[in-house]
Amino acid sequence: MIKRGLFILFEGVDRVGKSTQVQALTNHISNVQKLQTKSLRFPDRTTPIGQIINQYLQNATNMDDRALHLLFSSNRWEARDSILELLNNGTNIVVDRYSYSGVAYSAAKGIDFDWCYACEKGLPKPDLIFYLTMSSEDATKRGEYGGERYEKLDFQKKIKQIYEEKLVDQPNSKQTTWKIINANRPIDEISNEISSIFDSEFKNIQSSPIGKLE
Ligand code: TMP
Ligand code: MG
């Protein structure tokens, strides 16, 4: 019988190095562990819904905050079947942002936290979440804030606060393991830590069923 794939998620504010670490862990799982792996990211800007989100992020359009929130959530729901198919076929997925980004960014705008979380319930649940963190000032100094809508220091601080006070290791993320990773270190040091956590945990996780966000 094929073992199911794992759903590994990276979360954190902008510019903490998530995409680099998604790539590094994907390489590790396929080249070192020799397991099937695919990386995904949200928003998935390639779908029609993703294109509307992309226009908003690039300041080309304005939208009601709740309508936008629901589009981000829809962009995950439209991926649900393919995520489950990958996992059930034994492919590990390494995902750059998911429901927790959805909640943190929208709640940071002042939208009710529980309302934000409600439309995520029922989506496939990540097995392991790496939360990359560093001071907001240090993240800003990394430059290359690409001019996208949310890349402003004060807003980034609010998002970080929501993650750390209301999401990381909180009851509504129950049964999912959060690993808090100090992202203000050399890339290799971070990726080695993440790979060794994966190596020590993946066998245990494979034997548990795929969960749902609740
Ligand atoms: P990216 O920079 O990882 O491509 O993500 C684009 C922006 O969208 C980023 O600032 C985080 C934000 N975002 C939300 O506001 N809600 C969501 O559900 C997701 C996945 C991302
Ligand atoms: Mg970004």
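Which residue stands opposite Phe 130 in β4? In this predicted model, the residue in that position is Phe 10. The pairing belongs to a parallel arrangement in which strand β1, residues 7-11, is joined to β4 by 4 bridges. On top of that, β4 pairs with strand β5, residues 177-182, again in the parallel sense, this time over 6 bridges. Within β5, Trp 178 turns up as the bridge partner of Ile 129.

So how much of β4 is tucked away? Strand β4 spans residues 128-133, and 6 of its 6 residues are buried, so the strand is largely enclosed by the rest of the structure. As a rule, side chains in a regular strand alternate between the two faces of the sheet. Here both faces of β4 are covered. One side carries Leu 128, Phe 130 and Leu 132, the other carries Ile 129, Tyr 131 and Thr 133, and all of them are buried.

Trp 178 comes up again by way of Asp 169, a residue in the loop between α8 (153-167) and β5. Setting aside neighbours within four places in sequence, Asp 169 is in contact with Trp 178 and Ile 180. As for Lys 179, its C-alpha atom is separated from that of Asp 169 by 8.8 Å, with the two residues 10 apart along the chain.

Next, the empty space. Rolling a probe the size of a water molecule over the atoms shows where such space is left. The largest pocket holds about 750 Å³, and 36 residues line it. Lying nearest its centre are Asp 14, Arg 15, Lys 18, Arg 41 and Arg 97. Elements that supply two or more residues to this lining are α1 (18-32), α3 (65-77), α5 (99-107) and α9 (187-206). Sorted by class, the lining has 15 charged, 13 nonpolar and 8 polar residues.

That leaves the cysteines. The disulfide count comes to 0. Cys 116 is in no disulfide, and its nearest cysteine sulfur, that of Cys 119, sits 7.3 Å away. Cys 119 is likewise in no disulfide, with the sulfur of Cys 116 as its nearest cysteine sulfur. With a cut-off of 2.5 Å between sulfur atoms, the 7.3 Å separation does not qualify this pair. Cys 116 counts as buried because its relative accessibility is 0%. Cys 119 has a relative accessible area of 19% and is buried too, given that the label applies under 20%.

How values were computed: Residues are numbered from 1 along each chain as its sequence is written. Chains are lettered from A and ligands numbered from 1 in the order in which they are written. This is a predicted model: local features need pLDDT of at least 70, side-chain atom pairs count only at pLDDT 80 or more; totals for chains, interfaces and linings use all residues. Side-chain values use heavy atoms; hydrogens and water are left out. On a 1 Å grid over the protein atoms alone, a cavity is a set of points where a 1.4 Å probe fits but cannot get out, and a pocket is an open set with protein on both sides within 12 Å along at least five of seven lines; lining residues have an atom within 4 Å of a point. Grid points are joined across faces, edges and corners, and a volume is the space filled by probe spheres set on the points. Ala, Val, Leu, Ile, Met, Phe, Trp, Tyr, Cys and Pro count as nonpolar, Asp, Glu, Lys and Arg as charged, and the others, Gly among them, as polar. Buried means under 20% relative accessible area, exposed over 50%, partly exposed in between (1.4 Å probe, protein chains only). Two strands pair if DSSP finds at least two bridges between them. Contact means heavy atoms within 4.5 Å.
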